[in-house]
Amino acid sequence: MSEAFGFMFAFYGLLLGLAVAEVAGGFSRAYDERHTRRLGVVAPLFGILLLVDLITFWMNAWAYRELAEVSYLVAYAVAVVALLYYFAATQVFPKAAETATLDDHIMSHRREVAFCVLASNLLTQIPPAISAFTTPWPPSSIALWAGLNLTYYVLLSFAALAKSKRIVGIAVAAAILLVTGATALFA
């Protein structure tokens, strides 16, 4: 592990840790308010999606452990990715009893959450995309990488744009299964 990676990972880990803490705090507030506000299904699914994706991001950062140096551009990109996640995490659960149910809240904030997760994922796929062309990958590896990512992006888009709570819930649940399964198989 390089010193540059240790330096960058500490920063990245701190920002991702804040996002994890925000989701955990949201679940805690939801539990505390369970007698006055219905939990629902979609809000917890979004919370689980963020936790699963954040853990995957944390694990994937290890691939850069031989990073030779940290440039301003790399530090900026890391901050943008992590802060998009933090913002998404703050939008999953309401701060106060502003809506009747948690699902009402997330249905009105799902676009922000899904598009922040989508943007973070797109940004982190720039280095592998460059690598696929500079160090030619086998076509089967490119197809698998592209297929998994495009499927995830389509599911996030459905979660953001569908009007039906049922479709949003199914899209988020499928995204959780996709990320969990892909991470278990390839990590």
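Which residues does Val20 touch, not counting residues up to four places away in sequence? Val20 touches Leu51 and Leu54. Please keep in mind that this is a predicted model. With that said, here is a short tour of its nonpolar core, one of its helices, and a few residues at the surface.

**The nonpolar core**
- The largest nonpolar core holds 45 residues, and Tyr12, Phe46, Leu50, Tyr152 and Val172 touch the most other members.
- At least two residues of this core come from each of H1, H2, H3, H4, helix H6 (139-161) and helix H7 (165-186).
- The most is given by H2, with ten residues.
- Leu50 is worth a look in the viewer: leaving aside residues up to four places away in sequence, Leu50 touches Val23, Tyr85, Ala88, Ala89, Val92, Val113 and Val117.

**Helix H3**
- Helix H3 covers residues 72-92, which makes 21 residues.
- At 1.5 Å a residue, H3 should span 30 Å, and its end C-alpha atoms lie 31 Å apart, so the expected span and the model agree.
- The buried residues of H3 are Val78, Ala79, Val81, Ala82, Tyr85, Ala88, Ala89, Thr90, Gln91 and Val92.
- Among the elements that cover these buried residues are helix H1 (3-32), helix H2 (42-61) and helix H4 (102-124).
- Three of the buried H3 residues, Tyr85, Ala88 and Val92, also appear among the contacts of Leu50.

**Two partly exposed residues of helix H1**
- Val20 lies in helix H1, and its relative accessible area of 28% is why Val20 counts as partly exposed: the class runs between 20% and 50%.
- From Val20 to Leu123 the C-alpha distance is 19 Å, with the two residues 103 apart in sequence.
- Ala24 is also found in helix H1, and Ala24 is partly exposed because its relative accessible area is 43%, below the 50% that exposed residues exceed.
- Ala24 and Arg65 are 41 residues apart along the chain, and their C-alpha atoms are separated by 28 Å.
- In an α-helix there are 3.6 residues a turn, so residues three or four places apart point the same way.

**A nonpolar patch on the surface**
- Leu123, Ile126 and Ile130 form a nonpolar patch on the surface, and together they have about 250 Å² of accessible area.
- Ile130 sits in helix H5 (residues 126-134).
- With 48% relative accessibility, Ile130 counts as partly exposed, because exposed residues have over 50%.

How values were computed: Residues are numbered from 1 along each chain as its sequence is written. This is a predicted model: local features need pLDDT of at least 70, side-chain atom pairs count only at pLDDT 80 or more; totals for chains, interfaces and linings use all residues. Side-chain values use heavy atoms; hydrogens and water are left out. Patches are made of residues with over 30% relative accessible area and no salt bridge: like charges are joined within 9 Å, nonpolar side chains (Val, Leu, Ile, Met, Phe, Trp, Tyr) within 5 Å. Accessible areas come from the Shrake-Rupley method with a 1.4 Å probe; for residues, only the protein chains shown count as cover. A salt bridge is a side-chain nitrogen of Lys or Arg within 4 Å of a carboxyl oxygen of Asp or Glu. Helices (H or I, at least four residues) and strands (E, at least two) are DSSP runs, numbered from the N terminus. Buried means under 20% relative accessible area, exposed over 50%, partly exposed in between (1.4 Å probe, protein chains only). The expected span of a helix is 1.5 Å times one less than its number of residues. Contact means heavy atoms within 4.5 Å. A nonpolar core is a set of buried Ala, Val, Leu, Ile, Met, Phe, Trp, Tyr and Cys residues joined through side-chain atoms within 4.5 Å.
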